[in-house]
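Hi everyone, thanks for coming. I'd like to walk you through a structure that may be new to most of you, so let's put it up on the screen.

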Amino acid sequence: MRGSVRWLGTSFKMTKTIAESTAYAARLRDAVGAEPPSGVRLFVIPPATAIEPVARTLGTDSPVLVGAQNAHWADEGAWTGEISMPQAADAGARIVEIGHSERRAHFAETDATVRLKVAAALRHGLVPLVCVGEDAATFAAGRSADQVVAQATAALDGLAGTEAVLLAYEPVWAIGEHGRPAGPAEVAEPVAALRAAVGGRIGGVLYGGSVSPANAAGLLDVPGVDGLFVGRAAWRVAGFLALLELTATR
Ligand code: PGA
């Protein structure tokens, strides 16, 4: 069952300059004001270059949380090309995306590194947004629930204080321009399995993967879905606001 809190957020992935990101943030700030409709919790995850400018544009009291798309598990050190959780927090991030399938596929993220990053995020007061999702072959084999439960339990393994953790269920086959949007019936079983396995230890389950204003209502109505994590459909503020209206009224 969905709790009373609903979430709506977007990651820009590797799109947008600082100017484009801050223009987006300013438009969103002006549209949302101090209080989003029905208390929907909002977040925007720009590229690392724009975390600080977006946070500054939104303002410290903004109801829109700013996030990082990735951060390392170590607090500092010889990790060329990485940023740490404290650095992300210093830039204004309050939420950090961990284990997106693109990072698992292309940057060697594993369940073990995801868990290290969840621990580091919690240590530094950031909300971990842990992405889990099965690939097409696993989906075809009918083993989606098993795989996402394994990913989620590994991410939380041995960790205390995980109530802040958000999960995003994102079937790999549904993500991006080559993805096939998942239907509510396909989402229901993995989400129910996640709820049964770790629901008591986390702050919520979001759905992500080719979300659009056309399919958002059906996905929000899936029992156990607390909100939406959106890519392309929210990269323009008008798209984000259309999804916000749908989220607020479900
Ligand atoms: P998409 O991206 O909405 O563009 O499919 C979703 C995601 O990768 O989180």
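Let me start with a question: how far is an oxygen atom of the ligand from a polar backbone atom of Gly176? The answer is 2.8 Å. Keep in mind that what you're looking at is a predicted model.

Okay, let's stay with the ligand. Gly176 contributes through its backbone there, but two side chains reach an oxygen atom of the ligand as well. For Lys13, an N or O atom of the side chain sits 2.6 Å from a ligand oxygen. For Arg232, a polar side-chain atom is also 2.6 Å from an oxygen atom of the ligand. And the cover is something to look at: on its own the ligand has 280 Å² of accessible area, and the protein covers 98% of that.

So who else is around? Besides Lys13, Gly176 and Arg232, the residues around the ligand are His100, Glu170, Ile175, Gly209, Ser210 and Gly231. Sort that shell by type and you get 5 polar residues, 3 charged and 1 nonpolar. As for where the ligand sits, the space it takes is the second largest pocket.

Now let's zoom out to the whole protein. If you trace the fold, you'll find 10 helices and 8 strands. Put a box around the C-alpha atoms, along the principal axes, and it comes to roughly 45 × 45 × 35 Å. Does that go with a compact globule or not? Well, a compact globule of 250 residues would have a radius of gyration near 18 Å, and the protein has 17 Å, so the two agree.

That's my tour, thanks for listening!

How values were computed:
Residues numbered from 1 in each chain as written. Predicted model: local features only at pLDDT ≥ 70, side-chain atom pairs only at ≥ 80, totals over all residues. Heavy atoms only, no water. Near = heavy atom within 4 Å. Polar contact = N/O pair within 3.5 Å; in protein donor to acceptor, adjacent residues only side chain to side chain. Areas by Shrake-Rupley, 256 points an atom, 1.4 Å probe, with all protein chains shown as cover. 1 Å grid on protein atoms, 1.4 Å probe; cavity = no way out; pocket = protein on both sides within 12 Å on 5 of 7 lines; lining within 4 Å. Sits in = over half its atoms within 2 Å of the grid points. Nonpolar A, V, L, I, M, F, W, Y, C, P; charged D, E, K, R; others polar. Helix = DSSP H or I, 4+ residues; strand = E, 2+ residues; numbered from the N terminus. Rg over C-alpha atoms; globule rule 2.2 N^0.38 Å.
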